[in-house]
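This briefing covers the salt bridges, the relation between the chains, and the helix contacts that join them. Please look at the structure with these topics in mind.

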There are 2 protein chains.
Amino acid sequence: MTRSPGENLTVATHRATLTDRYAAWREQGFDASRCPVRNVLDHLGSKWSTLLLIALAEKPMRFNALLRDVPDISKRMLTQTLRDLERDGLVARQVFPTKPPSVEYRLSATGESVLGPLTALVGWAEQHFPEIVRARLRFDTAAEGGSAPVPGETARVERPPALAPLPVRG
Amino acid sequence: MTRSPGENLTVATHRATLTDRYAAWREQGFDASRCPVRNVLDHLGSKWSTLLLIALAEKPMRFNALLRDVPDISKRMLTQTLRDLERDGLVARQVFPTKPPSVEYRLSATGESVLGPLTALVGWAEQHFPEIVRARLRFDTAAEGGSAPVPGETARVERPPALAPLPVRG
DNA sequence: CGATTAGGTCTCCATTATAGACCTACTCTC
DNA sequence: GAGAGTAGGTCTATAATGGAGACCTAATCG
(Lines give C-alpha, C1' and ligand atoms only; values in the text may rest on other atoms or scores of the structure.)
Protein backbone atom coordinates (compact mmCIF):
# COMPACT_ATOMS: atom_id res chain seq x y z
CA MET A 1 0.00 0.00 0.00
CA THR A 2 3.02 2.30 0.18
CA ARG A 3 2.95 4.49 -2.88
CA SER A 4 5.85 2.98 -4.77
CA PRO A 5 6.64 4.11 -8.30
CA GLY A 6 5.83 0.69 -9.70
CA GLU A 7 2.11 1.16 -9.59
CA ASN A 8 1.25 -1.83 -11.73
CA LEU A 9 0.58 -4.00 -8.74
CA THR A 10 -1.61 -1.47 -7.02
CA VAL A 11 -3.42 -0.76 -10.26
CA ALA A 12 -4.24 -4.43 -10.42
CA THR A 13 -5.52 -4.28 -6.87
CA HIS A 14 -7.73 -1.30 -7.59
CA ARG A 15 -8.99 -2.95 -10.70
CA ALA A 16 -9.93 -6.01 -8.70
CA THR A 17 -11.59 -4.01 -5.96
CA LEU A 18 -13.65 -1.97 -8.36
CA THR A 19 -14.59 -4.97 -10.46
CA ASP A 20 -15.72 -6.71 -7.34
CA ARG A 21 -17.81 -3.76 -6.14
CA TYR A 22 -19.26 -3.33 -9.58
CA ALA A 23 -20.29 -6.97 -9.71
CA ALA A 24 -21.99 -6.62 -6.35
CA TRP A 25 -24.02 -3.64 -7.55
CA ARG A 26 -24.98 -5.49 -10.67
CA GLU A 27 -26.25 -8.39 -8.63
CA GLN A 28 -28.55 -6.05 -6.83
CA GLY A 29 -29.94 -5.02 -10.17
CA PHE A 30 -28.08 -1.74 -9.96
CA ASP A 31 -30.81 -0.49 -7.74
CA ALA A 32 -30.05 3.20 -7.62
CA SER A 33 -31.02 3.42 -3.98
CA ARG A 34 -28.38 0.89 -3.05
CA CYS A 35 -25.57 1.85 -5.35
CA PRO A 36 -23.19 4.18 -3.54
CA VAL A 37 -21.72 5.49 -6.74
CA ARG A 38 -25.01 6.65 -8.10
CA ASN A 39 -26.23 7.69 -4.72
CA VAL A 40 -23.29 9.37 -3.12
CA LEU A 41 -20.64 10.15 -5.67
CA ASP A 42 -23.11 11.81 -7.96
CA HIS A 43 -23.65 14.44 -5.31
CA LEU A 44 -20.00 14.85 -4.52
CA GLY A 45 -19.16 15.17 -8.14
CA SER A 46 -21.55 17.98 -8.76
CA LYS A 47 -19.96 21.19 -9.86
CA TRP A 48 -19.90 23.00 -6.53
CA SER A 49 -19.89 20.31 -3.86
CA THR A 50 -16.20 19.60 -3.98
CA LEU A 51 -15.34 23.26 -4.07
CA LEU A 52 -17.53 23.94 -1.05
CA LEU A 53 -16.14 21.01 0.88
CA ILE A 54 -12.65 22.27 0.20
CA ALA A 55 -13.58 25.79 1.21
CA LEU A 56 -15.13 24.53 4.42
CA ALA A 57 -12.15 22.30 5.06
CA GLU A 58 -10.21 25.37 6.08
CA LYS A 59 -12.70 26.74 8.57
CA PRO A 60 -16.41 27.10 9.21
CA MET A 61 -17.94 29.84 7.13
CA ARG A 62 -21.07 31.87 6.86
CA PHE A 63 -23.31 32.03 3.86
CA ASN A 64 -22.14 35.28 2.43
CA ALA A 65 -18.54 34.48 3.17
CA LEU A 66 -18.87 31.42 0.99
CA LEU A 67 -20.64 33.46 -1.62
CA ARG A 68 -17.69 35.81 -1.77
CA ASP A 69 -15.13 33.06 -1.54
CA VAL A 70 -16.41 30.88 -4.36
CA PRO A 71 -16.69 33.64 -6.89
CA ASP A 72 -18.84 32.26 -9.63
CA ILE A 73 -21.48 30.59 -7.57
CA SER A 74 -24.95 32.07 -7.44
CA LYS A 75 -26.97 32.35 -4.27
CA ARG A 76 -29.39 29.81 -5.50
CA MET A 77 -26.74 27.21 -6.25
CA LEU A 78 -24.97 27.92 -2.99
CA THR A 79 -28.17 27.40 -1.04
CA GLN A 80 -29.01 24.26 -2.90
CA THR A 81 -25.56 22.72 -2.74
CA LEU A 82 -25.30 23.46 0.96
CA ARG A 83 -28.72 21.91 1.50
CA ASP A 84 -27.67 18.79 -0.32
CA LEU A 85 -24.48 18.53 1.67
CA GLU A 86 -26.42 19.12 4.85
CA ARG A 87 -28.96 16.51 3.90
CA ASP A 88 -26.23 13.99 3.34
CA GLY A 89 -24.78 14.88 6.69
CA LEU A 90 -21.48 16.17 5.38
CA VAL A 91 -22.05 19.72 6.46
CA ALA A 92 -23.68 21.05 9.60
CA ARG A 93 -25.70 24.22 9.61
CA GLN A 94 -25.84 26.30 12.73
CA VAL A 95 -27.97 29.36 13.28
CA PHE A 96 -26.83 32.05 15.70
CA PRO A 97 -29.43 34.37 17.23
CA THR A 98 -27.65 37.56 16.36
CA LYS A 99 -29.70 40.57 15.38
CA PRO A 100 -29.83 39.62 11.75
CA PRO A 101 -29.51 35.89 12.42
CA SER A 102 -26.25 34.57 11.12
CA VAL A 103 -25.78 31.07 9.82
CA GLU A 104 -22.58 29.13 9.95
CA TYR A 105 -21.72 26.08 7.90
CA ARG A 106 -19.05 23.65 8.96
CA LEU A 107 -17.90 20.16 8.07
CA SER A 108 -19.40 17.41 10.15
CA ALA A 109 -17.36 14.41 11.23
CA THR A 110 -18.57 12.61 8.12
CA GLY A 111 -17.64 15.62 6.06
CA GLU A 112 -14.17 15.54 7.51
CA SER A 113 -13.87 11.89 6.73
CA VAL A 114 -14.25 12.58 3.04
CA LEU A 115 -11.30 14.92 2.97
CA GLY A 116 -8.94 11.99 2.63
CA PRO A 117 -10.37 10.58 -0.59
CA LEU A 118 -10.97 14.09 -1.79
CA THR A 119 -7.37 15.07 -1.26
CA ALA A 120 -6.27 12.02 -3.18
CA LEU A 121 -8.51 12.95 -6.06
CA VAL A 122 -7.46 16.59 -6.08
CA GLY A 123 -3.85 15.49 -5.97
CA TRP A 124 -4.45 13.25 -8.94
CA ALA A 125 -6.19 16.03 -10.81
CA GLU A 126 -3.37 18.49 -10.26
CA GLN A 127 -0.73 15.93 -11.11
CA HIS A 128 -2.34 14.84 -14.35
CA PHE A 129 -3.75 18.17 -15.38
CA PRO A 130 -1.09 19.04 -17.97
CA GLU A 131 -1.44 15.61 -19.48
CA ILE A 132 -5.19 16.02 -19.72
CA VAL A 133 -4.89 19.43 -21.31
CA ARG A 134 -2.58 17.96 -23.89
CA ALA A 135 -4.98 15.10 -24.56
CA ARG A 136 -7.79 17.57 -25.11
CA LEU A 137 -5.76 19.59 -27.55
CA ARG A 138 -4.83 16.48 -29.47
CA PHE A 139 -8.41 15.31 -29.56
CA ASP A 140 -9.80 18.64 -30.66
CA THR A 141 -7.29 19.21 -33.42
CA ALA A 142 -7.74 15.64 -34.61
CA ALA A 143 -11.46 16.16 -34.76
CA GLU A 144 -11.03 19.34 -36.80
CA GLY A 145 -8.30 18.09 -39.07
CA GLY A 146 -10.01 14.78 -39.70
CA SER A 147 -10.87 13.44 -43.13
CA ALA A 148 -14.01 15.51 -43.45
CA PRO A 149 -15.58 18.31 -41.45
CA VAL A 150 -18.91 17.21 -42.91
CA PRO A 151 -21.21 16.43 -40.01
CA GLY A 152 -23.11 13.64 -41.70
CA GLU A 153 -20.37 11.08 -41.56
CA THR A 154 -21.00 7.72 -39.97
CA ALA A 155 -18.62 5.04 -38.81
CA ARG A 156 -15.41 6.80 -39.72
CA VAL A 157 -12.43 4.69 -38.83
CA GLU A 158 -9.93 7.39 -38.00
CA ARG A 159 -7.47 5.63 -35.78
CA PRO A 160 -5.15 2.83 -36.92
CA PRO A 161 -7.44 -0.14 -37.33
CA ALA A 162 -6.62 -3.31 -35.51
CA LEU A 163 -4.58 -5.71 -33.50
CA ALA A 164 -6.74 -8.52 -32.28
CA PRO A 165 -9.55 -8.84 -34.79
CA LEU A 166 -12.31 -9.63 -32.29
CA PRO A 167 -14.72 -12.31 -33.43
CA VAL A 168 -16.73 -11.00 -36.33
CA ARG A 169 -19.92 -12.16 -34.71
CA GLY A 170 -20.78 -13.03 -31.19
CA MET B 1 -0.02 7.84 6.37
CA THR B 2 -0.90 4.37 7.59
CA ARG B 3 -4.62 4.27 8.11
CA SER B 4 -4.70 4.27 11.86
CA PRO B 5 -7.96 4.65 13.73
CA GLY B 6 -6.92 8.01 15.14
CA GLU B 7 -7.57 9.96 12.00
CA ASN B 8 -7.42 13.40 13.54
CA LEU B 9 -3.85 13.92 12.50
CA THR B 10 -4.43 12.88 8.93
CA VAL B 11 -7.59 14.95 8.79
CA ALA B 12 -5.51 17.94 9.78
CA THR B 13 -3.06 17.12 7.02
CA HIS B 14 -5.77 16.87 4.41
CA ARG B 15 -7.28 20.08 5.64
CA ALA B 16 -3.96 21.80 5.25
CA THR B 17 -3.34 20.38 1.80
CA LEU B 18 -6.74 21.35 0.51
CA THR B 19 -6.61 24.78 2.07
CA ASP B 20 -3.27 25.31 0.44
CA ARG B 21 -4.48 24.19 -2.97
CA TYR B 22 -7.58 26.27 -2.63
CA ALA B 23 -5.54 29.36 -1.81
CA ALA B 24 -3.42 28.76 -4.89
CA TRP B 25 -6.49 28.61 -7.12
CA ARG B 26 -7.85 31.75 -5.58
CA GLU B 27 -4.63 33.55 -6.33
CA GLN B 28 -5.04 32.70 -9.96
CA GLY B 29 -8.43 34.31 -9.86
CA PHE B 30 -10.07 30.89 -9.89
CA ASP B 31 -9.55 30.84 -13.60
CA ALA B 32 -11.66 27.90 -14.64
CA SER B 33 -9.16 26.83 -17.26
CA ARG B 34 -6.49 26.44 -14.61
CA CYS B 35 -8.47 25.02 -11.74
CA PRO B 36 -8.21 21.25 -11.77
CA VAL B 37 -11.26 20.83 -9.64
CA ARG B 38 -13.49 22.72 -12.00
CA ASN B 39 -11.74 21.36 -15.01
CA VAL B 40 -11.17 17.76 -14.25
CA LEU B 41 -13.26 16.65 -11.32
CA ASP B 42 -16.38 18.09 -12.83
CA HIS B 43 -16.06 15.60 -15.63
CA LEU B 44 -15.21 12.71 -13.40
CA GLY B 45 -18.09 13.47 -11.15
CA SER B 46 -20.66 13.38 -13.87
CA LYS B 47 -23.29 10.77 -13.46
CA TRP B 48 -21.88 8.16 -15.81
CA SER B 49 -18.15 8.79 -15.94
CA THR B 50 -17.29 7.01 -12.74
CA LEU B 51 -19.54 4.11 -13.58
CA LEU B 52 -17.94 3.75 -16.99
CA LEU B 53 -14.44 3.98 -15.61
CA ILE B 54 -15.28 1.27 -13.14
CA ALA B 55 -16.84 -0.88 -15.82
CA LEU B 56 -13.79 -0.45 -18.01
CA ALA B 57 -11.49 -1.12 -15.09
CA GLU B 58 -12.38 -4.77 -15.38
CA LYS B 59 -11.68 -5.17 -19.06
CA PRO B 60 -11.93 -3.38 -22.38
CA MET B 61 -15.46 -3.36 -23.70
CA ARG B 62 -17.34 -2.62 -26.84
CA PHE B 63 -20.03 -0.06 -27.20
CA ASN B 64 -23.00 -2.32 -26.99
CA ALA B 65 -21.45 -4.36 -24.23
CA LEU B 66 -21.25 -1.20 -22.15
CA LEU B 67 -24.76 -0.34 -23.14
CA ARG B 68 -25.96 -3.66 -21.78
CA ASP B 69 -23.72 -3.54 -18.75
CA VAL B 70 -24.70 -0.12 -17.47
CA PRO B 71 -28.40 -0.68 -17.67
CA ASP B 72 -29.93 2.73 -17.41
CA ILE B 73 -27.65 4.61 -19.73
CA SER B 74 -28.95 5.76 -23.07
CA LYS B 75 -27.02 5.46 -26.27
CA ARG B 76 -26.60 9.14 -26.56
CA MET B 77 -25.22 9.55 -23.06
CA LEU B 78 -22.94 6.59 -23.51
CA THR B 79 -21.55 8.07 -26.69
CA GLN B 80 -21.10 11.44 -25.14
CA THR B 81 -19.57 10.28 -21.91
CA LEU B 82 -17.15 8.03 -23.76
CA ARG B 83 -16.21 10.95 -26.00
CA ASP B 84 -15.53 13.12 -22.99
CA LEU B 85 -13.41 10.48 -21.38
CA GLU B 86 -11.58 9.93 -24.63
CA ARG B 87 -11.03 13.63 -25.03
CA ASP B 88 -9.51 13.83 -21.59
CA GLY B 89 -7.29 10.90 -22.47
CA LEU B 90 -8.67 8.57 -19.83
CA VAL B 91 -10.15 6.14 -22.28
CA ALA B 92 -8.80 4.95 -25.59
CA ARG B 93 -11.04 4.12 -28.49
CA GLN B 94 -9.97 1.50 -30.94
CA VAL B 95 -11.77 0.56 -34.12
CA PHE B 96 -11.41 -2.94 -35.49
CA PRO B 97 -12.01 -3.52 -39.20
CA THR B 98 -14.41 -6.35 -38.74
CA LYS B 99 -17.33 -6.65 -41.13
CA PRO B 100 -19.57 -4.45 -39.11
CA PRO B 101 -16.72 -2.44 -37.64
CA SER B 102 -16.47 -2.98 -33.94
CA VAL B 103 -15.17 -0.43 -31.49
CA GLU B 104 -13.44 -1.19 -28.29
CA TYR B 105 -13.00 1.14 -25.37
CA ARG B 106 -10.29 0.63 -22.81
CA LEU B 107 -8.63 2.58 -20.06
CA SER B 108 -5.50 4.45 -21.05
CA ALA B 109 -2.53 4.66 -18.73
CA THR B 110 -3.93 7.92 -17.40
CA GLY B 111 -7.27 6.23 -16.97
CA GLU B 112 -5.65 3.51 -14.96
CA SER B 113 -3.91 6.04 -12.80
CA VAL B 114 -7.22 7.40 -11.63
CA LEU B 115 -8.34 4.04 -10.32
CA GLY B 116 -6.44 4.63 -7.10
CA PRO B 117 -8.23 7.82 -6.05
CA LEU B 118 -11.42 6.41 -7.42
CA THR B 119 -11.14 3.29 -5.33
CA ALA B 120 -10.55 5.42 -2.27
CA LEU B 121 -13.65 7.41 -2.98
CA VAL B 122 -15.78 4.38 -3.72
CA GLY B 123 -14.53 2.79 -0.53
CA TRP B 124 -15.48 5.89 1.38
CA ALA B 125 -18.90 5.94 -0.23
CA GLU B 126 -19.62 2.34 0.63
CA GLN B 127 -18.33 2.70 4.14
CA HIS B 128 -20.35 5.79 4.93
CA PHE B 129 -23.40 4.92 2.92
CA PRO B 130 -25.57 3.76 5.84
CA GLU B 131 -24.65 6.87 7.75
CA ILE B 132 -25.59 9.06 4.83
CA VAL B 133 -28.89 7.31 4.36
CA ARG B 134 -29.66 7.91 8.01
CA ALA B 135 -28.71 11.56 7.69
CA ARG B 136 -31.05 11.92 4.76
CA LEU B 137 -33.92 10.36 6.62
CA ARG B 138 -33.34 12.63 9.58
CA PHE B 139 -33.17 15.66 7.36
CA ASP B 140 -36.27 14.80 5.40
CA THR B 141 -38.42 14.02 8.40
CA ALA B 142 -37.18 17.15 10.14
CA ALA B 143 -38.14 19.18 7.11
CA GLU B 144 -41.62 17.64 7.03
CA GLY B 145 -42.26 17.68 10.73
CA GLY B 146 -41.05 21.25 11.04
CA SER B 147 -43.18 24.08 12.33
CA ALA B 148 -45.15 24.51 9.13
CA PRO B 149 -45.48 22.55 5.90
CA VAL B 150 -46.46 25.83 4.25
CA PRO B 151 -44.05 26.43 1.40
CA GLY B 152 -43.91 30.19 1.69
CA GLU B 153 -41.85 30.32 4.84
CA THR B 154 -38.72 32.45 4.97
CA ALA B 155 -35.84 32.47 7.40
CA ARG B 156 -37.09 29.74 9.69
CA VAL B 157 -34.67 29.04 12.49
CA GLU B 158 -35.37 25.39 13.11
CA ARG B 159 -32.29 24.13 14.79
CA PRO B 160 -31.24 25.03 18.35
CA PRO B 161 -29.92 28.59 18.11
CA ALA B 162 -26.46 29.22 19.38
CA LEU B 163 -23.19 28.56 21.11
CA ALA B 164 -20.62 31.15 20.19
CA PRO B 165 -22.52 34.31 19.35
CA LEU B 166 -20.33 35.42 16.45
CA PRO B 167 -19.82 39.17 16.22
CA VAL B 168 -23.15 40.81 15.53
CA ARG B 169 -21.74 42.73 12.62
CA GLY B 170 -18.65 42.33 10.55
C1' DC C 1 -36.48 58.02 6.47
C1' DG C 2 -33.43 55.65 3.32
C1' DA C 3 -29.36 52.60 2.85
C1' DT C 4 -27.03 48.46 4.13
C1' DT C 5 -26.22 43.67 5.90
C1' DA C 6 -27.55 38.87 6.53
C1' DG C 7 -29.63 34.91 4.64
C1' DG C 8 -32.05 33.40 1.93
C1' DT C 9 -36.49 32.47 -1.81
C1' DC C 10 -38.71 32.99 -6.38
C1' DT C 11 -39.10 33.55 -11.22
C1' DC C 12 -37.55 33.19 -15.60
C1' DC C 13 -34.58 31.75 -19.24
C1' DA C 14 -30.65 28.87 -21.14
C1' DT C 15 -28.26 24.83 -21.05
C1' DT C 16 -28.05 19.90 -20.54
C1' DA C 17 -29.89 15.10 -20.03
C1' DT C 18 -32.69 11.51 -21.57
C1' DA C 19 -35.58 8.47 -24.29
C1' DG C 20 -36.24 6.71 -28.25
C1' DA C 21 -36.72 6.85 -33.44
C1' DC C 22 -33.79 6.53 -37.10
C1' DC C 23 -29.61 5.42 -40.15
C1' DT C 24 -25.76 2.76 -42.61
C1' DA C 25 -23.36 -1.22 -43.61
C1' DC C 26 -22.88 -5.81 -43.34
C1' DT C 27 -24.15 -10.87 -42.55
C1' DC C 28 -27.18 -14.71 -41.94
C1' DT C 29 -31.32 -17.34 -42.88
C1' DC C 30 -34.62 -19.05 -45.88
C1' DG D 1 -32.40 -11.97 -52.95
C1' DA D 2 -35.93 -10.36 -49.26
C1' DG D 3 -36.22 -9.80 -44.52
C1' DA D 4 -34.23 -9.96 -39.92
C1' DG D 5 -30.53 -9.10 -36.96
C1' DT D 6 -26.20 -6.85 -35.26
C1' DA D 7 -22.89 -3.09 -34.54
C1' DG D 8 -22.23 1.63 -33.70
C1' DG D 9 -23.74 5.22 -33.71
C1' DT D 10 -26.76 10.26 -34.95
C1' DC D 11 -30.89 13.21 -34.57
C1' DT D 12 -34.92 15.08 -32.58
C1' DA D 13 -38.13 16.26 -29.18
C1' DT D 14 -39.00 16.86 -24.48
C1' DA D 15 -37.95 16.90 -19.48
C1' DA D 16 -34.93 18.29 -15.92
C1' DT D 17 -31.38 21.17 -14.26
C1' DG D 18 -28.39 25.37 -13.78
C1' DG D 19 -27.74 30.06 -13.27
C1' DA D 20 -28.69 35.40 -13.04
C1' DG D 21 -30.77 38.38 -10.75
C1' DA D 22 -35.12 40.50 -8.56
C1' DC D 23 -37.28 40.25 -4.38
C1' DC D 24 -38.24 39.52 0.80
C1' DT D 25 -37.78 40.13 6.10
C1' DA D 26 -35.75 41.99 10.00
C1' DA D 27 -32.58 44.78 12.15
C1' DT D 28 -29.21 48.42 12.58
C1' DC D 29 -26.64 52.81 11.00
C1' DG D 30 -26.52 57.53 9.54
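Over all chains, the structure holds 16 salt bridges. The model is a predicted one. One of the salt bridges is described first, followed by the symmetry and the helix packing.

**Salt bridges**

- A:Arg15 and B:Glu112 form a salt bridge through their side chains, at 2.2 Å from N to O.
- This pair runs between chains: A:Arg15 lies in helix α1 of chain A, and B:Glu112 lies in helix α6 (residues 109-113) of chain B.
- Side chains of opposite charge can pair when their charged atoms come close.

**Relation of the two chains**

- A turn of 180° with a shift of 0.0 Å along the axis lays chain A on chain B, with an RMSD of 0.1 Å.
- This is therefore the relation of a two-fold axis.
- Of the C-alpha atoms in chain A, that of A:Gly45 is nearest the axis, at 1.8 Å.
- The copies meet through the same surface, because 99% of the interface residues of chain A are also interface residues in chain B.

**Helix α3 of chain A against helix α1 of chain B**

- Helix α3 of chain A (residues 49-58) packs on helix α1 of chain B (residues 8-27) at an angle of about 115°, and their axes are 8 Å apart.
- That angle makes α3(A) roughly perpendicular to α1(B).
- The two helices, α3(A) and α1(B), cross in a left-handed sense.
- From α3(A), the contact residues are A:Leu51, A:Ile54, A:Ala55, A:Leu56, A:Ala57 and A:Glu58; they meet B:Arg15, B:Leu18, B:Thr19, B:Tyr22 and B:Trp25 of α1(B).
- By class, the residues of this contact between α3(A) and α1(B) are eight nonpolar, one polar and two charged.

**Helix α1 of chain A against helix α3 of chain B**

- Helix α1 of chain A (residues 8-27) and helix α3 of chain B (residues 49-58) have axes that come within 8 Å and cross at roughly 115°.
- α1(A) and α3(B) are therefore roughly perpendicular to each other.
- The crossing of α1(A) with α3(B) is left-handed.
- On the α1(A) side are A:Arg15, A:Leu18, A:Thr19, A:Tyr22 and A:Trp25, which meet B:Leu51, B:Ile54, B:Ala55, B:Leu56, B:Ala57 and B:Glu58 in α3(B).
- The contact of α1(A) with α3(B) has eight nonpolar residues, one polar residue and two charged residues.
- A:Arg15 is among the α1(A) residues that meet α3(B), and A:Arg15 also has the salt bridge to B:Glu112.

Notes:
Residues are numbered from 1 along each chain as its sequence is written. Chains are lettered from A and ligands numbered from 1 in the order in which they are written. This is a predicted model: local features need pLDDT of at least 70, side-chain atom pairs count only at pLDDT 80 or more; totals for chains, interfaces and linings use all residues. Side-chain values use heavy atoms; hydrogens and water are left out. Copies are superposed by least squares on the C-alpha atoms of residues with pLDDT of at least 70 in both. Contact means heavy atoms within 4.5 Å. Axes are lines fitted to C-alpha atoms, for helices over the stretch in contact, and angles run from 0 to 180 degrees between N-to-C directions. Helices (H or I, at least four residues) and strands (E, at least two) are DSSP runs, numbered from the N terminus. Angles under 35 degrees count as roughly parallel, over 145 as roughly antiparallel, 65 to 115 as roughly perpendicular and the rest as oblique. A crossing is left-handed if the near helix is turned anticlockwise from the far one by less than a right angle, and right-handed if clockwise. Ala, Val, Leu, Ile, Met, Phe, Trp, Tyr, Cys and Pro count as nonpolar, Asp, Glu, Lys and Arg as charged, and the others, Gly among them, as polar. A salt bridge is a side-chain nitrogen of Lys or Arg within 4 Å of a carboxyl oxygen of Asp or Glu.
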